[in-house]
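Colleague: Please take one helix of this model and go through it closely, then place it in the rest of the chain. I would like to know which residues face inward, which face outward, and how far the coordinates can be trusted.

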Amino acid sequence: MTRSSGTNRQHRIFVRWICFLLMGAGLALCGCTSSNLTLARNAFYSGDVVMASQALDEPEKVGSRDRLLYFMEKGTILHYGGDYEGSAAIFLQAAALITEQEVISATRQAASMVTTEWLTKYKGEYVERLFVHTFQMMNYLLLGKHESALVEAKQALEVYDTYPEACDGDYFTRALIAHCFEALDEINGAYIEYKKLAELMGNPAPVADKLCQLANRLGFYDEVEHFSQFLPDKNEEKRERPIGERLIFLSRGRAPVKIPHDIILPESIRFSFSTYENRGGYFPGPEIPPLPGIGTRTRVTTDVGKVLRASLDQRLARIIAKETARVVAKEAIANNINDSGVESLVRIAFFLMEVPDTRCWETLPGTLTLIREPVFPGDNEQAADGPDNPDRFYRYFSIRN
């Protein structure tokens, strides 16, 4: 055997080992979700919020690629466990990480061009980024921190402005934003958001009373006349002017989760992608005393699954472009290998590593509803329970069932 042939043989052996290592590393990464995240989600949906929270007590056990998911899931679990301070602290970290991750890691992006999206850090669907601010607004309102809630409302508006087609179907968050303005008597901002909400819903009735009240204060009397036609029947029993409101944040069901799909073409070419699929079942709600009038008051609801799908659809063109580029890159690498055995190994490795990214925020509810119930004199409510507004007060409840 000549020195040259020996060198070639060593090279082929080396390349084969590299292929095996690449395949092993890819398979280890693909589809891997932290066991702690899985444990927390399972405990949460079995009704054990304490165990769910404890499963995420050690953030270092969740890989850096899934750190945003850790914050999202932990923040949600703490919120529904009644620890609004703890939830707010976690969601602040989530928001900071989202901002930080807007600076793309060139190394990980390059690696994902020939391996899998699982190598990249999870950045959240557009509407998931919006929901971070949604939960923060709820946390701060429940804590009576209206100024902090308004800060989150303004940040949420920036997400709406950046991704309108992905997020405009989230009526609940828009209604929450409008309330944050109104609670601090920023009536111009509140009116703008309630009116935008009415336009997006196509039915002003759920917010017609707000629009009439605010338009009257702003001197928009033509608007008052317009929106008054959507008010409830004027012949129904009259009561004295309400002195405040109860706001109920009602969460129901489970949001859909991502499932994988594949398109297989000859020469071991594999296109992969994910879509959202509905889940059944409901999380058992906490014991909460009956709230009078909850079924008869105005409400605004977001179909969380619908907006998640819209959000994913907005990324579809970019997903297809990157997937196509990845397939082309893999084919170029495989076609430039002279050893047929090595080429086959490389193709197998690339095929197995082409796994769609199915990571998502799994503790989101299926629907979010904002219910507003007026409080009248004699309803055993005290103005001291509300914000620093002598003319109006608010009571907040978060319910999940």
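Modeller: A residue counts as buried when its relative accessible area is under 20%, and as exposed when that value is over 50%. The model is a predicted one, and the helix taken here is α14, residues 304–314. Its buried residues are V304, G305, V307, L308, S311 and L312. They sit on the same side of α14 because the arc they cover around the axis is only 165°. On the face turned away from that buried side, α14 carries the exposed residues K306 and D313. The N-terminal end of α14 is capped by D303, which has a side-chain oxygen 3.1 Å from the backbone nitrogen of G305. G305 is thus named twice, as one of the buried residues of the helix and as the partner of the cap.

Next, the confidence. The mean pLDDT of the chain is 80, with 67% of its residues at 70 or more. Among the elements of the chain, helix α7 (residues 126–142) has the highest mean pLDDT, 98, and helix α6 (residues 106–112) the lowest, 48. Two stretches call for care. Residues 282–296 have pLDDT below 50, although the model gives this stretch 27 contacts beyond near neighbours in sequence. Residues 382–391 are also below 50, and that stretch has 13 such contacts. Where pLDDT is low, predicted coordinates should not be read in detail.

As for the chain around α14, it has 16 helices and six strands. Of its 401 residues, 48% count as buried. Among contacts with a separation of 6 or more, 75% are between residues 24 or more positions apart.

Helix α5 (residues 84–100) can be set beside α14 as a second example. It has 17 residues and reaches 24 Å from its first C-alpha to its last, close to the 24 Å expected at 1.5 Å a residue. The buried residues of α5 are Y84, G86, S87, A88, I90, F91, A94, A95, L97 and I98. The cover over these buried residues includes α4 (67–80), α7 and β6 (393–400).

Helix α4 also holds Y70, which counts as buried because its relative accessibility is 4%. Leaving aside neighbours within four places in sequence, Y70 is in contact with L37, L56, P59 and V62. Of these partners, L37 is 33 residues away from Y70 in sequence, while the two C-alpha atoms are 7.0 Å apart.

Helix α2 (residues 35–45) contains R41. With a relative accessible area of 6%, R41 is buried. The side chain of R41 makes a polar contact of 2.7 Å with the side chain of E73. A polar atom of the R41 side chain also lies 3.2 Å from the backbone oxygen of C360. C360 itself counts as buried, at 1% relative accessibility, and C212 does too, at 9%. The structure holds zero disulfides.

Helix α10 (residues 171–183) is the place of L176, and R174 is found in α10 as well. L176 counts as buried because its relative accessibility is 0%. Beyond its neighbours within four places in sequence, L176 is in contact with T134, M137, M138, L141, F249 and L370. L176 and Y194 are 18 residues apart in sequence, with 9.6 Å between their C-alpha atoms. R174 is buried too, at 5% relative accessibility. With neighbours within four places again set aside, the contacts of R174 are L157, Y160, D168, E193, K196, L197 and L200.

The loop between α10 and α11 (187–201) contains D185. Most residues other than glycine have a negative phi. D185 has a phi near 60°, a positive value in a residue other than glycine. D185 counts as partly exposed because its relative accessibility is 41%.

To return to the request: the inward residues of α14 are V304, G305, V307, L308, S311 and L312, and K306 and D313 are exposed on the face turned away from them.

Definitions and conventions:
Residues numbered from 1 in each chain as written. Heavy atoms only, no water. Buried < 20%, exposed > 50% of the residue type's maximum accessible area, 1.4 Å probe, protein only. Helix = DSSP H or I, 4+ residues; strand = E, 2+ residues; numbered from the N terminus. Arc of directions from axis to C-beta. Polar contact = N/O pair within 3.5 Å; in protein donor to acceptor, adjacent residues only side chain to side chain. Contact = heavy atoms within 4.5 Å. Disulfide = S-S within 2.5 Å. pLDDT = per-residue confidence, 0-100. Expected span 1.5 Å × (residues − 1).
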